[in-house]
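Dear colleague,

Here is the structure I promised to hand over, with the sequence alongside. Please look it over before reading my notes, which follow below.

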Amino acid sequence: MTLSLPTAEQLALAGGVGDFLADHFALARFRGGVSDAARWGELAGLGVFGISLSEDAGGLGLSVVEEMLVCRELG
């Protein structure tokens, strides 16, 4: 079995999601009593909930590697 590291493109995707989360889901939001409803819609607009779903089914059609990297950022 060959071990391969994430590509620059895969890391950039995860980094973009991480940047979005840092800007829109910062822990400071808990102190302000702000509703997250609109933010969840924006996150869905990025496609993170359908990242590995086929494009024919409305997803992004990416691999499990991209899904794992994005889930790591969501965690």
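**The aromatic cluster**

F20, F25, W40 and F49 are joined into a cluster by pairs of rings. Please keep in mind throughout that this is a predicted model. The aromatic pairs number 3, and I describe two of those pairs here. In one of them, the ring centres of F20 and F25 lie 6.4 Å apart with their planes at 55°, and since that angle is not over 60 degrees, the pair is classed as tilted. Both F20 and F25 are buried. In the other, the ring centres of F25 and W40 are 5.2 Å apart and the planes stand at 65°, so this pair counts as edge-to-face. The pairing of F25 with W40 connects distant parts of the chain, because F25 sits in the loop between α1 (8–24) and α2 (29–32), whereas W40 belongs to helix α3 (residues 37–46), 15 residues away. The two partners also differ in exposure: F25 has a relative accessible area of 13%, which puts it under the 20% cut-off and therefore among the buried residues, while W40, at 44% relative accessibility, is partly exposed.

**The chain as a whole**

Looking at the overall arrangement, the secondary structure consists of 4 helices and 0 strands, and the order along the sequence reads α-α-α-α. Of the 75 residues in the chain, 24% are buried. Among contacts with a separation of 6 or more, 37% are made by residues 24 or more positions apart.

**How the helices pack**

Two packed helices are described by the angle between their axes and the distance between those axes, and I have used that description for two pairings that both involve α1.

With helix α4 (residues 64–74), α1 packs at an angle of about 25°, the axes being 9 Å apart. Because this angle is under 35 degrees, α1 counts as roughly parallel to α4, and the crossing of α1 past α4 is right-handed. On the α1 side the contact involves Q10, L13, A14, V17, G18 and L21, which meet V65, E66, L69, V70, E73 and L74 of α4.

With α3, α1 packs at an angle of about 170°, and here the axes are 11 Å apart. That angle is over 145 degrees, so α1 is roughly antiparallel to α3. The residues that make this contact are F20, L21 and H24 from α1, together with R39, E42, L43 and L46 from α3. You will notice that L21 appears in the contact with α4 and again in the contact with α3, and that F20, from the aromatic cluster, is also one of the α1 residues that touch α3.

**The charged residues**

How many salt bridges does the structure hold? The count is 1, and it is formed between E73 and R72, whose closest N and O atoms are 3.7 Å apart. E73, which is also among the α4 residues in contact with α1, is partly exposed, with a relative accessibility of 29%.

One further residue may be useful when you look at this region, namely D19, which is found in helix α1. D19 has a relative accessible area of 52%, and because this is over 50% the residue counts as exposed. Although D19 and E73 are 54 residues apart along the chain, their C-alpha atoms are separated by 9.2 Å.

With best wishes

Definitions and conventions:
Residues are numbered from 1 along each chain as its sequence is written. This is a predicted model: local features need pLDDT of at least 70, side-chain atom pairs count only at pLDDT 80 or more; totals for chains, interfaces and linings use all residues. Side-chain values use heavy atoms; hydrogens and water are left out. Rings of Phe, Tyr and Trp (its six-membered ring) pair if their centres lie within 6.5 Å; planes under 30 degrees apart count as stacked, over 60 as edge-to-face and the rest as tilted. Buried means under 20% relative accessible area, exposed over 50%, partly exposed in between (1.4 Å probe, protein chains only). A salt bridge is a side-chain nitrogen of Lys or Arg within 4 Å of a carboxyl oxygen of Asp or Glu. Axes are lines fitted to C-alpha atoms, for helices over the stretch in contact, and angles run from 0 to 180 degrees between N-to-C directions. Angles under 35 degrees count as roughly parallel, over 145 as roughly antiparallel, 65 to 115 as roughly perpendicular and the rest as oblique. A crossing is left-handed if the near helix is turned anticlockwise from the far one by less than a right angle, and right-handed if clockwise. Contact means heavy atoms within 4.5 Å.
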